[in-house]
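Reader: I would like to go through this model with you, beginning with its cysteines. Could you take my questions in turn?
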Amino acid sequence: MGKSNISITYQTSPRDRPLSAIRIHAAAGDPRRGWLTAGGQTMPVALGRGGILANKREGDGGTPRGIFRPRQVWWRADRHARPRTHLPVRAIQPEDAWCEDPGDRHYNQPVRLEAGQGGDRLRREDHLYDFIVEIDHNTEPRIAGRGSAVFLHLARDNFGPTAGCVSMTKSVMLRLLRRIGPETRIVIE
């Protein structure tokens with residue numbers, strides 16, 4: 001018997017394709033609040049306590065200005081179903097953390113910590129890190145002191161400022177996750 005050369009192509013609606021870009025900018029009158037525009041919709045976000053900064057430094061509380069790409073999604077599998085996304089997805093384990101020490105060779109990278117070790121743990125009691133979009137800020141090359149652990153994550157109830165991340169409501173995060181992929185540009189201006 002011969003092989004069949006049948007090809008099946010599935011139509012995808014524009015709603016299902018990854019966005020080419022999302023834009024984030026500060027709100028007028030409050031540099032710690034902002035707006036995220038994606039797919040023709042604009043939604044509120046919280047920014048770093050230092051506002052958007054062109055020259056991001058470790059500990060300055062600023063959200064870095066620039067164009068970034070999402071790398072992967074981290075999520076609390078013990079609290080939520082796996083999110084729909086075009087990005088790689090990784091469940092957060094109790095030992096997962098992020099290195100924020102500019103003197104450490106693992107600076108601005110995920111690390112695994114033993115019980116009792118300090119560090120920015122990704123598994124938190126609050127819900128801020130239930131969904132994290134890791135972005136490529138200060139990754140290639142990594143420069144000590146230029147900022148670490150800059151993520152998209154969930155916002156506090158009062159939209160309080162972050163330490164430099166961009167935060168949003170859970171419903172906005174889940175909508176955004178469905179529409180971003182590895183080639184989506186995250187433009188913070």
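Reader: Why is there no bond at the sulfur of Cys99?
Author: The closest cysteine sulfur, in Cys165, lies 15 Å away, which is too far for a bond. The structure holds 0 disulfides, a disulfide being a pair of cysteine sulfur atoms within 2.5 Å. This is a predicted model, in which local features need pLDDT of at least 70 and side-chain atom pairs count only at pLDDT 80 or more, while totals for chains, interfaces and linings use all residues. Residues are numbered from 1 along each chain as its sequence is written, and side-chain values use heavy atoms, with hydrogens and water left out.

Reader: Is Cys99 buried or exposed?
Author: Cys99 is buried, at 8% relative accessible area; Cys165 is also buried, at 5%. Buried means under 20% relative accessible area, exposed over 50%, and partly exposed in between (1.4 Å probe, protein chains only).

Reader: Turning to the core, which residues have the most contacts inside the largest one?
Author: They are Ile22, Ile24, Leu36, Val133, Leu152 and Met168, in a nonpolar core of 29 residues. Such a core is a set of buried Ala, Val, Leu, Ile, Met, Phe, Trp, Tyr and Cys residues joined through side-chain atoms within 4.5 Å. Helix α1 (residues 170-179) supplies the largest share, 4 residues; helices here are DSSP runs of H or I, at least four residues, numbered from the N terminus.

Reader: And what does Leu152 touch?
Author: Its contacts (heavy atoms within 4.5 Å) include Phe131, Val166 and Met173, not counting residues up to four places away in sequence.

Conventions. Helix = DSSP H or I, 4+ residues; strand = E, 2+ residues; numbered from the N terminus.
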